[in-house]
Amino acid sequence: MSFYHCYFYNFRFFLIPIGYKFNWDWVKNLKLRICHCGMMTFVTLESLLGITCPLTSFENSLRGINESTSFISYWIHQIIYWNLPSQFFIILYCIVLVWTFLLWKLFPPMIKKC
């Protein structure tokens, strides 16, 4: 999972409730919310089925050719990639998926009426 993908989907978990409190329109955007729920469902199903994400495979192939060892890339790698058993991630992804659907219920997106 790339850094930006991780950043975009994970910070939305916090920004949606905050955005509702401050009445930010973009957190109510139906297309972004559908994309968010769809991607979280996709990641959870991949995890449950034991499938490696295509983006991760692509990133790994690129990293094998040209791996960076800069200070920033070292710490981003430490933050994003945890060396834990796969069962931990399966449980974590299921919890996150439930949280995603709960956010949809508690803070519904705005459906534009024509």
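This tour proceeds from the whole chain to one helix pair and then to three single residues.

**The whole chain**

Begin with the entire protein chain selected, bearing in mind that the model is predicted. Colouring by secondary structure will show 5 helices and 0 strands. Followed from the N terminus, the elements run α-α-α-α-α. If a surface is displayed, the chain exposes about 8500 Å², and carbon and sulfur atoms supply 72% of that area. Of the 114 residues, 25% are buried. Among contacts with a separation of 6 or more, 69% join residues that lie 24 or more positions apart.

**The pair α2 and α5**

Next, select residues 30–49, which form helix α2, together with residues 86–106, which form helix α5. The axes of these two helices come within 9 Å and cross at roughly 160°. Because of that angle, α2 is roughly antiparallel to α5; the cut-off for this description is an angle over 145 degrees. The crossing of α2 past α5 is left-handed.

Now show the side chains where the two helices meet. On the α2 side, select Leu30, Arg33, Ile34, His36, Cys37, Met40, Thr41, Val43, Thr44, Ser47 and Leu48. On the α5 side, select Phe89, Ile90, Tyr93, Cys94, Val96, Leu97, Thr100, Phe101, Leu103 and Trp104. Coloured by residue class, this contact divides into 15 nonpolar, 5 polar and 1 charged.

**Leu97**

Keep α5 in view and centre on Leu97, which belongs to that helix. Is Leu97 buried or exposed? Its relative accessibility is 15%, so Leu97 counts as buried, the limit being under 20%. Which residues does Leu97 contact, leaving aside neighbours within four places in sequence? They are Met40, Thr41 and Thr44, residues that also appear in the α2 part of the helix contact. To follow one of these pairs, draw a C-alpha to C-alpha distance from Leu97 to Met40: the two are 5.9 Å apart in space, although 57 residues apart in sequence.

**Pro54**

Move to helix α3, residues 54–65, and select Pro54. With a relative accessibility of 52%, Pro54 counts as exposed, since the category begins over 50%. Not counting residues up to four places away in sequence, Pro54 touches Phe42 and Glu46. Display these two side chains alongside Pro54 to view the contacts.

**Asn23**

Finish in the loop between α1 (3–21) and α2, where Asn23 is found. What should be checked here is the backbone: phi of Asn23 is near 60°, a positive value in a residue other than glycine.

How values were computed. Residues are numbered from 1 along each chain as its sequence is written. This is a predicted model: local features need pLDDT of at least 70, side-chain atom pairs count only at pLDDT 80 or more; totals for chains, interfaces and linings use all residues. Side-chain values use heavy atoms; hydrogens and water are left out. Axes are lines fitted to C-alpha atoms, for helices over the stretch in contact, and angles run from 0 to 180 degrees between N-to-C directions. Helices (H or I, at least four residues) and strands (E, at least two) are DSSP runs, numbered from the N terminus. Angles under 35 degrees count as roughly parallel, over 145 as roughly antiparallel, 65 to 115 as roughly perpendicular and the rest as oblique. A crossing is left-handed if the near helix is turned anticlockwise from the far one by less than a right angle, and right-handed if clockwise. Contact means heavy atoms within 4.5 Å. Ala, Val, Leu, Ile, Met, Phe, Trp, Tyr, Cys and Pro count as nonpolar, Asp, Glu, Lys and Arg as charged, and the others, Gly among them, as polar. Buried means under 20% relative accessible area, exposed over 50%, partly exposed in between (1.4 Å probe, protein chains only). Accessible areas come from the Shrake-Rupley method with a 1.4 Å probe; for residues, only the protein chains shown count as cover.
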